[in-house]
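Colleague: Please take a close look at one part of this model for me. I would like to see how a pair of helices packs together.

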Amino acid sequence: MEIALIGLGKMGLNMATRLVRGGHRVVGFARTKETVDDAVRNNGIEGAYSLEQAIGKLTASPRIVWVMVPAGATTTQTIEQAAKMLAKEDIVVDGGNTNYKDTLRHAATLEANGVDFVDCGTSGGIWGLSEGYSLMIGGKPEVAEKLRPVFETLAPARDQGWGRVGPHGAGHYVKMVHNGIEYGMMQAFAEGFGILKGKREFDLDLAQISHIWQHGSVVRSWLLDLAANALDQDPDLSAIKPWVADSGEGRWTVFESIDLDVPAPVITLALQMRFASRDEENYPARMLAALRNQFGGHAIKKSD
């Protein structure tokens, strides 16, 4: 098949490369000429220097436009522009981390023009190129079926790691919850290794422990494998600043839990801990110290 892949960031570029290796023709477009030229030179894709040119280079029917740009206004603008250039039964796939509520609006915009739409929650990160991607697909069954060769190429195996999970919006919704779960799992590993490191009299080798846990342990997982990689490279993680970003999907998962009256304390607290990691001022902690001093005369540490 042939695909116009819009957005050649790290993940988009890796997906394009995996598609090319799987025998698909990929026309890639990015905002800068340098990015496109580099992708053409090193990744085997065919370059385009505008959205119109990328779509214009597609010759097969239906034309497939796969969008891998930042969620929010950029995705919306790209889809709205593509809608004006595409014809009935052409297909737009949003493989980014779009809020499912925006996804529903995008589907309506495209359907008004007769263009088919699929939302594809995509997990795999930088490892997807070699290991394959987990693909959570929303949209009409018959449209998803047309894209089967693409999904089979991107997934870890033809019959594993991908599937249509529901109508428009469902793919991004499932990916949103997936990322919320990820927040909780990552926080648990972070806290556990923090406790191990805190037991200084045992002089524990955290890298060794991570490798022991990789085999036979109930906590063995890909996240543990990644923790082991990180500890092998830098046992004290001294080169890393304790500042943790969030992509937005953890927040959306917490909002959904509130809207649905479904308790999600672990995911919520994991998100809050990411906020705490960025607070160099940490006014709440200053207030806690001040209150302890006020009511109990407890010692406080003065700022430099």
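Modeller: Take helix 9 (residues 170–198) and helix 11 (residues 222–233), which pack with their axes 11 Å apart at an angle of about 45°. Keep in mind that this is a predicted model. Two packed helices are described by the angle between their axes and the distance between the axes. The angle here makes helix 9 oblique to helix 11. The crossing of helix 9 past helix 11 is right-handed. Now find the side that each helix offers. Helix 9 brings Met185, Met186, Phe189 and Phe193 to the contact. Helix 11 answers with Leu223, Leu224, Ala227 and Leu231. Sort these residues by class: eight are nonpolar, with no polar and no charged residues in the contact.

For a second case, turn to helix 4 (residues 73–85) and helix 5 (residues 100–112). Their axes come within 9 Å and cross at roughly 10°. An angle under 35 degrees counts as roughly parallel, and therefore helix 4 and helix 5 are roughly parallel to each other. On helix 4, look for Thr75, Thr76, Ile79, Glu80 and Ala83. They meet His106, Thr109 and Leu110 of helix 5. This contact has three nonpolar, four polar and one charged residues.

So much for the helix pairs; a pocket comes last. The second largest pocket has a volume of about 280 Å³. Its lining includes Glu281, Asn282, Arg286, Ile300 and Lys301. By class, the lining of this pocket has four nonpolar, two polar and four charged residues.

Notes. Residues are numbered from 1 along each chain as its sequence is written. This is a predicted model: local features need pLDDT of at least 70, side-chain atom pairs count only at pLDDT 80 or more; totals for chains, interfaces and linings use all residues. Side-chain values use heavy atoms; hydrogens and water are left out. On a 1 Å grid over the protein atoms alone, a cavity is a set of points where a 1.4 Å probe fits but cannot get out, and a pocket is an open set with protein on both sides within 12 Å along at least five of seven lines; lining residues have an atom within 4 Å of a point. Grid points are joined across faces, edges and corners, and a volume is the space filled by probe spheres set on the points. Ala, Val, Leu, Ile, Met, Phe, Trp, Tyr, Cys and Pro count as nonpolar, Asp, Glu, Lys and Arg as charged, and the others, Gly among them, as polar. Axes are lines fitted to C-alpha atoms, for helices over the stretch in contact, and angles run from 0 to 180 degrees between N-to-C directions. Helices (H or I, at least four residues) and strands (E, at least two) are DSSP runs, numbered from the N terminus. Angles under 35 degrees count as roughly parallel, over 145 as roughly antiparallel, 65 to 115 as roughly perpendicular and the rest as oblique. A crossing is left-handed if the near helix is turned anticlockwise from the far one by less than a right angle, and right-handed if clockwise. Contact means heavy atoms within 4.5 Å.
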